[in-house]
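User: I am new to reading protein models. Could you take me through this one with a few questions and answers?
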Amino acid sequence: MNISHLLKSPTTATVADTRLESTPPADTSPAALSRKGSVDLSAAARHLSSLQDGVADIDEQGVEQIRAAIAAGELKTDPTRIADGILASVHELLK
């Protein structure tokens with residue numbers, strides 16, 4: 001695929017060709033200033049936030065058990081079980 005014609009395009013803008021749009025002045029009314037420090041979260045964001053409250057994402061005890069089993073050469077894996085787990089995760093995501 002040849003893209004050299006795209007690199008020499010006469011429509012390519014240069015820095016001198018760009019124009020900055022002016023931004024409107026900030027709203028300094030009392031109502032705007034009182035809203036400035038607050039954020040409204042959607043229902044989905046509130047739900048996601050509640051899922052994280054007090055719950056660690058990683059089971060540190062389980063990780064240490066797996067590390068110890070690997071170090072001792074005792075970890076047994078079942079590729080069929082791993083594949084089934086991946087397929088179940090994909091199936092759940094596609095619902």
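User: Is R67 buried or exposed?
Analyst: In this predicted model, local features need pLDDT of at least 70 and side-chain atom pairs count only at pLDDT 80 or more, while totals for chains, interfaces and linings use all residues. Residues are numbered from 1 along each chain as its sequence is written, and side-chain values use heavy atoms, with hydrogens and water left out. Buried means under 20% relative accessible area, exposed over 50% and partly exposed in between, with a 1.4 Å probe and protein chains only. Because R67 has a relative accessible area of 52%, this residue counts as exposed.

User: Which residue meets R67 in a salt bridge?
Analyst: A salt bridge is a side-chain nitrogen of Lys or Arg within 4 Å of a carboxyl oxygen of Asp or Glu. The partner is partly exposed, with a relative accessible area of 45%, and the two residues are 3 apart in helix α4 (residues 60-71), so about one helical turn separates them. At 3.0 Å from N to O, the side chain that R67 meets is that of E64.

User: How many residues of α5 are buried?
Analyst: Helices are DSSP runs of H or I with at least four residues, numbered from the N terminus. One residue of helix α5 (residues 79-93) is I82, which is partly exposed at a relative accessible area of 47%. The helix lies largely in the open, because among its 15 residues the number buried is 0.
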